[in-house]
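Me: Can you take me through some side-chain pairs and a helix packing in this one? Keep it simple.
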Amino acid sequence: GPCTECSCSSGKEPDKDPSHTKKKENGDALCVPKIFFGTRTHKQITQISRELKRTAYSYVPMTILSSRDYTCIHPVVSNSSNRNEMCVELLEGKQGKSCSYFHGVHKLSEHHALQSASGVYQAWDIEDLVSLGRKLRACPYFTARELMVGADIVFCPYNYLLDPQIRESMDINLKDQVVILDEAHNIEDCARESVSYGVTESQLRAAREELDFMVSNNIRQGHHEPLRAVCCSLI
């Protein structure tokens with residue numbers, strides 16, 4: 001006969017208990033796993049979210065993780081060549097300024113939550129989130145990250161799943177989650193890229209000059225001499 005140990009084995013049982021997704025036992029929440037859907041490029045995410053819209057699962061809470069290059073709407077930061085650093089500096093408030101868009105995140109995330117509550121929630125793509133963010137003067141980058149908490153499906157480029165540094169900075173925890181990699185034959189190249197780094201000869205020479213200066217001025221010689229040796233051998 002069918003297995004009786006697991007209520008899920010029949011495939012019907014859990015429907016009787018709407019709270020089965022988040023039962024608490026001894027304070028530990030048992031959560032349904034999230035689906036992390038990795039693609040090669042941001043453009044492909046747009047195509048996939050369009051496809052999601054056409055399915056019966058269009059109402060499923062989702063989010064799209066992407067870089068500030070795509071989702072920063074701050075008039076100064078978004079036009080800067082180093083958006084990440086400028087954004088962090090603004091949030092730390094070192095210059096006595098802050099980012100009003102960041103403080104408006106709840107307006108955007110709750111707007112999406114409201115849509116889902118009223119049953120008209122629709123799958124969206126980055127452009128939808130950004131144009132809504134502009135309207136509400138709220139940051140799409142941090143909204144997308146906040147929406148990850150309640151999302152059942154999270155779309156992102158491969159490297160968000162492969163690169164440990166990006167995973168950490170984005171608070172992505174893949175333990176006990178479902179990971180789908182679209183066009184997985186590209187994964188080897190992407191994995192190589194995420195642990196590779198390219199430098200030009202002029203960058204190496206500039207680094208060597210700086211290290212020469214450090215060593216000759218007795219600034220942490222023990223640390224800088226081996227680095228200088230690496231630069232010299234590479235050159």
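Reply: Salt bridges come first, then two helices. This is a predicted model, where local features need pLDDT of at least 70 and side-chain atom pairs count only at pLDDT 80 or more, while totals for chains, interfaces and linings use all residues. Residues are numbered from 1 along each chain as its sequence is written, and side-chain values use heavy atoms, with hydrogens and water left out.
Me: How many salt bridges does the count come to?
Reply: The count is 9, taking a salt bridge as a side-chain nitrogen of Lys or Arg within 4 Å of a carboxyl oxygen of Asp or Glu.
Me: Which residue does Asp-128 meet in a salt bridge?
Reply: Lys-53, at 3.6 Å from N to O. The pair links distant parts of the chain, 75 residues apart: Asp-128 lies in helix H5 and Lys-53 in helix H1 (residues 42-53). Helices here are DSSP runs of H or I, at least four residues, numbered from the N terminus.
Me: Is Lys-53 buried or exposed?
Reply: Partly exposed, with a relative accessible area of 34%; buried means under 20%, exposed over 50%, and partly exposed in between, with a 1.4 Å probe and protein chains only.
Me: New topic. At what angle do H5 and H6 pack?
Reply: About 120°, with the axes of H5 (residues 126-136) and H6 (residues 140-147) 9 Å apart. Axes are lines fitted to C-alpha atoms over the stretch in contact, and angles run from 0 to 180 degrees between N-to-C directions.
Me: Which residues of H5 make the contact?
Reply: Leu-129, Val-130 and Gly-133, against Pro-140, Thr-143 and Ala-144 of H6; contact means heavy atoms within 4.5 Å.

Conventions: Helices (H or I, at least four residues) and strands (E, at least two) are DSSP runs, numbered from the N terminus.
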